[in-house]
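Below is a set of questions and answers on one protein model. The sequence and structure come first.

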Amino acid sequence: MGIRRVSGKALLTTVVALALAAGCSNGGNGANAGRPEKTVLTVAVVPAVDSAGFFVALDRGLFKAQGLTVNFTPVTSSEDAIASQVKGTYDITGGNYVSYIQAQQRGQANLDIFAEGSLMEPGTQGIYTLPDSPVRSLADLKGQTVAINAPDNVLFLLTASVLAEHGIAPQSVHFASIPLQEMPDVLSSNAVGAAVMPEPFASGDEEAQGGVPLADLDQGATTSFPVEGYVVTKQWAARYPHTLAAFYTALEQGQRLADVSRAAVEQAMVAMPAPFGVSAQTAAVMALDSYPVSNGPPGYRLMPGTGRPPECFCVNPPGTGTRSRPRLS
């Protein structure tokens, strides 16, 4: 996508448009979709609050209610998830739109973003330092190394936008790829000047070593930025349409719960398998995204008489109204 060669609002406008055009779901009734062709699924997502709808569905047994056994695999970044998904290791992945769009445009994958995952809210993605850090302002990041979990992904894009809006050239900052769970350690070792972390990693760092928020990324051109979606390859969608219908039904139920019940999200994030499950204390203070749901009953409507998904589907993110959006192509 050439992200490093573009800056400011033009970049954000382009990526938002691509993300919102990437694909979505037609409200239908999952009960009409038929029996799943594949009942045991490997689903890979980054273990962050962006994926709360999925974790709520997993914790509440909503996938099992649809006849699915979902084996959750944590991944460090969407880039890792995409590579394994193309190889067939993962059935479904959840991750940031930017990486999926990049993979599609580069010809690395042929993807369907079949459901929305999250829209950023205040405090859910931020730049963090430590109390004794010499970095006290965004201007102090010039010449510093900043940790992100993967190159040129959504965390880079959000950070670059905020830097540019404060008159700081993103090129003046060195970005290093560090797994999210390792960021507190590299911060404390002074290997980086700051780290870009989503929740619950940010609140965990604040709790463990007094991490200090330097900047909230939910501001300016990136306010309420669309962060995450759920993805299959187009080949997978064509082969397992009823499985996709069942998964989508359960996921949308999880999205609805996550959007209205903080208690459900906290419980689900605590229940994640080690070492990713968070403490009850962290869960109680972490910021949450908003979790869009489909326009209509949960489900993935199959084309009458064909057993195939439609060419596009509709979603209704909070405050945007119903839209029909094409798939990735």
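Q: In what order do the 5 strands of the open sheet run?

A: The model is a predicted one. Its 5 strands form an open sheet with mixed pairing. Neighbouring strands in this sheet are turned by 25° against each other on average, direction ignored. The order is E2-E1-E3-E10-E4.

Q: Which strands stand at the edges of the sheet?

A: A strand at the edge has a single partner strand, so one side of it is left without a neighbour in the sheet. Two strands fit this description: E2 (69-74) and E4 (111-119).

Q: How many bridges join strand E1 to E2?

A: Strand E1 covers residues 40-45 and runs parallel to E2. In this pair, Ala44 stands opposite Thr73 of E2. The number of bridges joining E1 to E2 is 6.

Q: What angle does the direction of helix H4 make with that of E3?

A: Helix H4 (residues 78-87) packs on the sheet, where it touches E3 and E10. Its direction and that of E3 make an angle of about 150°.

Q: Which strands does helix H5 touch?

A: Helix H5, residues 97-105, also packs on the sheet. The direction of H5 makes about 110° with that of E3. The strands touched by H5 are E3, E4 and E10.

Q: How much space lies in the largest cavity?

A: The count of cavities of 30 Å³ or more comes to 2. For the largest cavity, the space amounts to about 150 Å³.

Q: Which residues lie nearest the centre of the largest cavity?

A: The lining of the largest cavity consists of 15 residues. By class, 7 of them are nonpolar, 6 polar and 2 charged. Those nearest the centre are Val46, Asp50, Asn96, Asn149 and Val154.

Q: Which strands and which helix each supply at least two residues of the lining of the largest cavity?

A: One contributor is helix H6 (154-165). The strands that each supply at least two lining residues are E3 (92-96) and E10 (226-233). The elements asked for are therefore E3, H6 and E10.

Q: Is Ala246 buried or exposed?

A: Ala246 is found in helix H10 (residues 241-260). Its relative accessibility is 5%. Buried means under 20%, so Ala246 counts as buried.

Q: Which residues is Ala246 in contact with, leaving aside its neighbours within four places in sequence?

A: Ala246 and Arg35 are 211 residues apart along the chain, and their C-alpha atoms are separated by 8.3 Å. With neighbours within four places in sequence left aside, the contacts of Ala246 are Pro36, Gln66 and Leu68.

Technical notes: Residues are numbered from 1 along each chain as its sequence is written. This is a predicted model: local features need pLDDT of at least 70, side-chain atom pairs count only at pLDDT 80 or more; totals for chains, interfaces and linings use all residues. Side-chain values use heavy atoms; hydrogens and water are left out. On a 1 Å grid over the protein atoms alone, a cavity is a set of points where a 1.4 Å probe fits but cannot get out, and a pocket is an open set with protein on both sides within 12 Å along at least five of seven lines; lining residues have an atom within 4 Å of a point. Grid points are joined across faces, edges and corners, and a volume is the space filled by probe spheres set on the points. Helices (H or I, at least four residues) and strands (E, at least two) are DSSP runs, numbered from the N terminus. Ala, Val, Leu, Ile, Met, Phe, Trp, Tyr, Cys and Pro count as nonpolar, Asp, Glu, Lys and Arg as charged, and the others, Gly among them, as polar. Two strands pair if DSSP finds at least two bridges between them. Axes are lines fitted to C-alpha atoms, for helices over the stretch in contact, and angles run from 0 to 180 degrees between N-to-C directions. Contact means heavy atoms within 4.5 Å. Buried means under 20% relative accessible area, exposed over 50%, partly exposed in between (1.4 Å probe, protein chains only).
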